Amino acid sequence: MAAAAPPSDTTLYSDATLIDGTGAPARTHQDILVRGQRIVEVAPHGTIHDAEGARRVDVSGRYIIPGLIDSHVHLETPPNNARARAILRRDLYGGVTAVRDMADDLRPVGELTREALVGEIPAPDIYYAALMAGDPFFKDPRVQSVSVGVTPGTAPWMQAINDRTDLRTAVTLARGTSATGIKIYADLPAHLVKAITAEAHRQHLRVWTHSAVFPARPADVIAAGVDTVSHVCYLAYEVQKTIPAAYEDHTPIDETLLAPHGDDPVMARLYREMIERNIILDATGSLFVRYDAERKTHPERKPLRCTGPTVIRLTQQAWRAGVAISTGTDHVMRYDHAWPEVDDELFFLARDVGMPPLAVIHSATMVSAAAAGQSRDMGSVEAGKLANFVVLTADPLADIGNIRAIEMTVKRGRAYLRADYQPTTQAEMGDGDDD
């Protein structure tokens with residue numbers, strides 16, 4: 001599918017209700033002036049005087065939110081460009097203007113990133129991680145699939161780390177992939193998590209981790225000063241005297257060790273530390289809740305590390321404590337699903353966790369932009385930022401389901417009409433899903 005035609009240089013979107021992503025209340029009758037890829041001015045209707053010659057788009061009666069950001073995707077494991085492009089197309093036409101890729105074969109991901117950036121394909125912008133893990137992880141079949149042609153554990157985008165590793169060189173190699181961050185995945189002790197984090201930050205890379213790295217505990221990961229932790233479920237390993245010595249041991253959390261009622265004090269301590277260190281929680285809650293529900297009709301499936309109710313409870317406590325929560329998904333829906341996976345995470349936060357829609361939109365925009373290290377350019381509809389926003393025909397603050405009332409997605413100043421969306425096909429994506 002060809003990308004949309006390039007925009008005229010200047011466009012005025014006129015007279016919308018704006019939910020700007022900052023968490024501020026909606027503002028009615030707002031104009032947004034876009035020049036090239038960026039927003040020039042946001043002001044009350046009729047007050048922008050620098051719009052002479054601009055193409056005018058009447059959005060009266062519409063609602064504008066910033067482009068949504070999925071803070072946890074996997075596009076190329078195993079590598080499959082047709083599938084990846086289909087997922088990205090579904091995302092963009094569903095209101096997603098950026099994604100954070102959390103470890104894949106970065107050779108095709110790098111090319112997808114370039115194609116998305118210049119508009120050769122309809123796709124969100126992609127910000128991606130180079131993975132680091134301990135030696136045992138590199139027996140994982142997923143590693144084999146993303147390391148073709150390279151000895152597993154030696155690829156710059158997926159490195160085995162131990163006490164003999166020259167971390168300065170390892171992080172430099174990761175930087176050479178044009179990664180935004182390092183993902184610390186599994187099978188590393190606390191001292192190596194801390195050392196990798198320090199070196200990555202020294203070289204100006206973000207650090208994204210699982211919330212338990214096994215044998216490193218959640219408290220160890222947080223104390224290392226990482227930027228985001230993924231999977232609220234894994235944080236609950238902190239209540240146990242011992243946790244699995246390796247990621248490959250999928251023994252579920254003993255949920256009976258959590259406080260039977262109210263906030264758990266061990267989790268409260270972790271959340272306070274996260275707030276003090278400005279660590280973002282990439283909860284991925286909808287994945288656990290959906291899987292738990294599916295097990296009721298498929299009891300033969302092995303349980304995940306947490307049940308759905310526990311994931312809801314942990315996320316509710318994080319929200320009440322004031323932890324910044326991003327909207328990551330870590331799963332892909334079937335080819336016949338019409339909407340981005342990130343919608344499910346917004347519905348989880350609103351309907352299961354109980355966050356107000358305004359706060360949910362803030363999580364899916366400003367907080368998720370911060371998780372990807374892109375707050376300067378995206379996450380809110382403000383002058384100077386990229387023109388990434390979604391025009392809706394119904395109010396998402398009245399019902400979070402209205403994030404699907406999409407008339408168009410604007411990404412880097414280019415409009416993609418929902419009416420032009422070509423649904424994903426089985427030929428592109430296969431017939432299963434991927435958790």
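Here are five short exercises, each with a worked solution, on a predicted model.

**Exercise 1. Find the residues at the heart of the nonpolar core**

Task: Work out which residues touch the most other members of the largest nonpolar core, and which helix gives the most to this core.

Solution: Start with the core itself, which holds 107 residues. Within this core, the residues that touch the most other members are Ile-182, Leu-235, Tyr-271, Met-274 and Leu-281. Next, look at the helices: helix 11, residues 342-353, gives the most, with 7 residues. The model also has a second, separate core of 15 residues, and among its members are Tyr-13, Val-59, Val-381 and Ala-387. Finally, zoom in on Ile-182. Leaving aside neighbours within four places in sequence, its contacts include Ala-130, Met-132, Ile-196, Leu-205 and Trp-208.

**Exercise 2. Describe the setting of Ser-14**

Task: Decide whether Ser-14 is buried or exposed, and find the side chain with which its own side chain makes a polar contact.

Solution: First place the residue: Ser-14 sits in strand 1, which covers residues 10-18. Its relative accessible area is 12%, and buried means under 20%, so Ser-14 counts as buried. Now follow the side chain, which makes a polar contact with the side chain of His-45 at 3.3 Å. His-45 also appears in the wider list of residues that Ser-14 touches beyond four places in sequence. That list includes Gln-30, Asp-31, Val-57 and Ser-60 too.

**Exercise 3. Check helix 1 from end to end**

Task: Test whether the length of helix 1 agrees with its number of residues, then explain why helix 1 can be called largely enclosed.

Solution: Helix 1 runs over residues 81-93, which makes 13 residues. At 1.5 Å a residue these should span 18 Å, and the end C-alpha atoms are 18 Å apart, so the two agree. For the second part, look at burial: 10 of the 13 residues are buried, so the rest of the structure largely encloses this helix. Among the buried ones are Arg-83, Ile-87, Leu-88, Asp-91 and Tyr-93. The elements covering them include strand 7 (96-101), helix 2 (106-118) and strand 8 (125-133). Now inspect the ends. Asn-80 caps the N-terminal end, with a side-chain oxygen 3.3 Å from the backbone nitrogen of Ala-82. After the helix comes Gly-95, whose phi is positive, near 100°.

**Exercise 4. Trace the disulfide**

Task: Find which cysteines the disulfide joins and state its handedness.

Solution: The count comes to 1 disulfide. The bond joins Cys-233 to Cys-306, with an S to S distance of 2.2 Å. The torsion about this S-S bond is about 90°, so the disulfide is right-handed. Then locate the two partners. Cys-233 lies in helix 7 (residues 232-235), while Cys-306 lies in the loop between helix 9 (285-295) and helix 10 (308-321). The pair therefore ties together parts that are 73 residues apart in sequence. Both Cys-233 and Cys-306 are buried.

**Exercise 5. Look around Asp-105**

Task: Locate Asp-105, judge its burial and list its contacts outside the local sequence.

Solution: Asp-105 is in the loop between strand 7 and helix 2. With a relative accessible area of 4%, this loop residue is buried. Its side chain makes a polar contact with the side chain of Arg-107 at 3.0 Å. Beyond four places in sequence, Asp-105 contacts Glu-76, Thr-77, Pro-79, Val-146 and Trp-157. As a last step, take the C-alpha distance from Asp-105 to Leu-192: it is 23 Å, for residues 87 apart in sequence.

Key:
Residues numbered from 1 in each chain as written. Predicted model: local features only at pLDDT ≥ 70, side-chain atom pairs only at ≥ 80, totals over all residues. Heavy atoms only, no water. Core = buried A, V, L, I, M, F, W, Y, C linked by side-chain atoms within 4.5 Å. Buried < 20%, exposed > 50% of the residue type's maximum accessible area, 1.4 Å probe, protein only. Helix = DSSP H or I, 4+ residues; strand = E, 2+ residues; numbered from the N terminus. Contact = heavy atoms within 4.5 Å. Polar contact = N/O pair within 3.5 Å; in protein donor to acceptor, adjacent residues only side chain to side chain. Expected span 1.5 Å × (residues − 1). Disulfide = S-S within 2.5 Å.
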